[in-house]
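The following exercises concern the structure shown below. Each task is followed by a solution that proceeds step by step.

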Amino acid sequence: MPCPSGQLNIMRWLILLILSIFALPETAGAMDAIGKLRRERPEDLDTATTVTTRYGTLQASYETDFLDVPLNGVHSWRLSLQDKQGQPVSGAYIDLTADMPEHLHGMTTSPLVQETDAPGVYLVRGMNFHMPGYWEVTLDITGAGSRHLLRFNVIVGENLCAPDKDRVDES
C-alpha cells in the first residue's frame, strides 16, 4: 500500500529532526530560524575581485573607490559582467545579498543595483559591511542567457590597526 504524501513528509521531517538532535548536534545548534547554517571561514579562502561561473559562461568583477573595502561605511561598487567571449553583458537583473557565514546575518542595508550607460557595468549603491570579518557577497543574475549565481568572498576590516597609545599628538 503506497504511503500518502502527507505521511511521507512527516516521516522526512521526523528523520531530519532526529538527525539534527543526535547525529549533528553542532550543526543543529548553529542553524538560525530560516535554516541558514553557520560556516567557518575556509583556510584557502579566495578573495579575488573577479569570479567566474563553473563553466566560464559569465564573469563578474567589482571595484570600489577605496583600496580596501570599507568597514562600517556606506559605499558603492562598480560591478562588471562579461560573457565567455569577454563581451559586456547588459540588460541583466542582479539580486545582490551579503552575509557573514560565521555570524548568520547580513548587512544592515539593502543595496540597489542599477545598470549604467557603460555596457556591462552596473552600479551597486548602499554597500555597508558593518562588522569586521568574512563576508560572502552573492549575485543572483538573470537575463544574461540563463540564471547565474556568483559569489565574492570579502574580508573586511581585519587589517585595521588600533591607535597607538604611546604616540604623541604633534599637532
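## Exercise 1. A salt bridge between a strand and a loop

R78 and D65 are joined through their side chains by a salt bridge, with an N to O distance of 3.0 Å. The model is a predicted one.

Task. Determine where R78 and D65 lie in the chain, and classify the accessibility of R78 and of D65.

Solution.

Step 1. R78 belongs to strand β3 (residues 75-83), while D65 is in the loop between β2 and β3. The two residues are 13 residues apart, and the pair links distant parts of the chain.

Step 2. R78 has a relative accessible area of 28%, so it is partly exposed.

Step 3. For D65 the relative accessible area is 63%. The limit for the exposed class is over 50%, and D65 is therefore exposed.

## Exercise 2. A network of salt bridges

Task. Which residues are joined into one network by salt bridges that share partners? Establish each link and the accessibility of each member.

Solution.

Step 1. A search of the whole structure gives six salt bridges. One of the salt bridges is formed by E136 and R39, whose closest N and O atoms are 2.8 Å apart. This pair links distant parts of the chain: E136 is in strand β8 (residues 133-142), R39 is in the loop between α2 (25-29) and β1, and 97 residues separate them.

Step 2. E136 also meets R151 in a salt bridge, side chain to side chain, at 3.5 Å from N to O. R151 is located in strand β9 (residues 148-156) and E136 in strand β8, 15 residues apart.

Step 3. Shared partners thus place R39, E136 and R151 in one network.

Step 4. E136 has a relative accessible area of 5% and is therefore buried. R39, at 37% relative accessibility, is partly exposed, and R151, at 41%, is also partly exposed.

## Exercise 3. The sheet that contains β8

Task. What is the strand order of the open sheet of four strands, and which strands stand at its edges?

Solution.

Step 1. The order is β5-β4-β8-β9, and the pairing is antiparallel.

Step 2. The edge positions are taken by β5 (105-106) and β9. Each has a single partner strand, so one side of each has no neighbour in the sheet.

Step 3. Strand β4 (residues 93-100) pairs with β8 in the antiparallel sense over seven bridges. Within this pairing, A98 stands opposite V137 in β8.

Step 4. The antiparallel pairing of β8 with β9 extends over nine bridges. Here D140 stands opposite L149 in β9.

Step 5. Nine of the ten residues of β8 are buried, so the strand is largely enclosed by the rest of the structure.

## Exercise 4. Two local environments

Task. Is T53 buried or exposed, and which residues does T53 contact beyond its neighbours within four places in sequence? Is I10 buried or exposed, and with which residues does I10 form a nonpolar surface patch?

Solution.

Step 1. T53 is situated in the loop between β1 (50-52) and β2 (58-63). The relative accessible area of T53 is 13%. The buried class requires a value under 20%, and T53 is therefore buried.

Step 2. With its neighbours within four places in sequence left aside, T53 contacts L58, H148 and L150.

Step 3. I10 lies in helix α1 (residues 5-23). I10 counts as exposed because its relative accessibility is 52%.

Step 4. Together with W13 and L14, I10 forms a nonpolar patch on the surface, and the three have about 340 Å² of accessible area together.

## Exercise 5. The protein as a whole

Task. How many helices and strands are there in the protein, and what percentage of its residues count as buried?

Solution.

Step 1. The protein contains two helices and nine strands. Along the sequence they follow the pattern α-α-β-β-β-β-β-β-β-β-β.

Step 2. Of its 171 residues, 30% count as buried. The protein exposes about 11700 Å², of which carbon and sulfur atoms supply 54%.

Step 3. Among the contacts with a separation of 6 or more, 59% are made by residues 24 or more positions apart.

Notes: Residues are numbered from 1 along each chain as its sequence is written. This is a predicted model: local features need pLDDT of at least 70, side-chain atom pairs count only at pLDDT 80 or more; totals for chains, interfaces and linings use all residues. Side-chain values use heavy atoms; hydrogens and water are left out. Patches are made of residues with over 30% relative accessible area and no salt bridge: like charges are joined within 9 Å, nonpolar side chains (Val, Leu, Ile, Met, Phe, Trp, Tyr) within 5 Å. Accessible areas come from the Shrake-Rupley method with a 1.4 Å probe; for residues, only the protein chains shown count as cover. A salt bridge is a side-chain nitrogen of Lys or Arg within 4 Å of a carboxyl oxygen of Asp or Glu. Buried means under 20% relative accessible area, exposed over 50%, partly exposed in between (1.4 Å probe, protein chains only). Contact means heavy atoms within 4.5 Å. Two strands pair if DSSP finds at least two bridges between them.
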